[in-house]
Amino acid sequence: MKIVGVAACTVGIAHTYIAQEKLENAAKKVGYEVHIETQGTIGIENELTTKQIKEADLVILAIDVKISGRERFEGKRIIQVPTEIAIKSPNKLIEKAIEVVKRT
């Protein structure tokens, strides 16, 4: 499975990057390809490519604020959660992602 996503917290510093790391580690642990873009105080980092988004089976938005470029994900399966969920329960979030993809 291929997962893309965006992490963005209200301050745009610590939680953004922690959520990114936790999601990437949880997805890689079960053998999935994952790319998480961050949107923080220094702008967009690890910006997702059109190809990555097109090939993705699922989009995870671990966000606490409005993000730039959300329209890129129109027509994709999206799970949106606060960054706190991605940080505290990344494995459960990936399990939920698997269920969402299997149902559709």
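1. The core feature to look at is an open sheet of five strands, arranged in the order E3-E2-E1-E4-E5 with mixed pairing; helices (H or I, at least four residues) and strands (E, at least two) are DSSP runs, numbered from the N terminus, and two strands pair if DSSP finds at least two bridges between them. Strand E3 (43-45) and strand E5 (78-81) are the edge strands, each pairing on one side only. Neighbouring strands of this sheet are turned by 15° against each other on average, direction ignored, where axes are lines fitted to C-alpha atoms, for helices over the stretch in contact, and angles run from 0 to 180 degrees between N-to-C directions.

2. Please keep in mind that this is a predicted model, in which local features need pLDDT of at least 70 and side-chain atom pairs count only at pLDDT 80 or more, while totals for chains, interfaces and linings use all residues. Residues are numbered from 1 along each chain as its sequence is written, and side-chain values use heavy atoms, with hydrogens and water left out.

3. At one edge of the sheet, strand E2 (residues 33-40) and E3 run antiparallel and are joined by three bridges; glutamine 39 has isoleucine 44 in E3 as its bridge partner.

4. Helix H1 (residues 14-29) lies across strand E1 (2-8), E2, E3 and strand E4 (58-63), and runs at about 175° to E2. Helix H4 (residues 90-103) also packs on the sheet, where this helix touches E1, E4 and E5 and its direction makes about 145° with that of E4; contact here means heavy atoms within 4.5 Å.

5. Is threonine 16, which is found in helix H1, buried or exposed? Threonine 16 counts as buried because its relative accessibility is 0%, and buried means under 20% relative accessible area, exposed over 50%, and partly exposed in between (1.4 Å probe, protein chains only). Leaving aside neighbours within four places in sequence, threonine 16 is in contact with Ala7, Ala8, Cys9, Thr38 and Gln39. A polar atom of the threonine 16 side chain lies 2.9 Å from the backbone nitrogen of cysteine 9.

6. Glutamate 45, placed in strand E3, is partly exposed, with a relative accessible area of 29%. Not counting residues up to four places away in sequence, glutamate 45 touches Tyr17, Glu37 and Thr38. The side chains of glutamate 45 and tyrosine 17 are joined by a polar contact of 2.5 Å, a term for a pair of N or O atoms within 3.5 Å; within protein, one must be able to donate a hydrogen and the other to accept it, and residues adjacent in sequence count only if both atoms are side-chain atoms.
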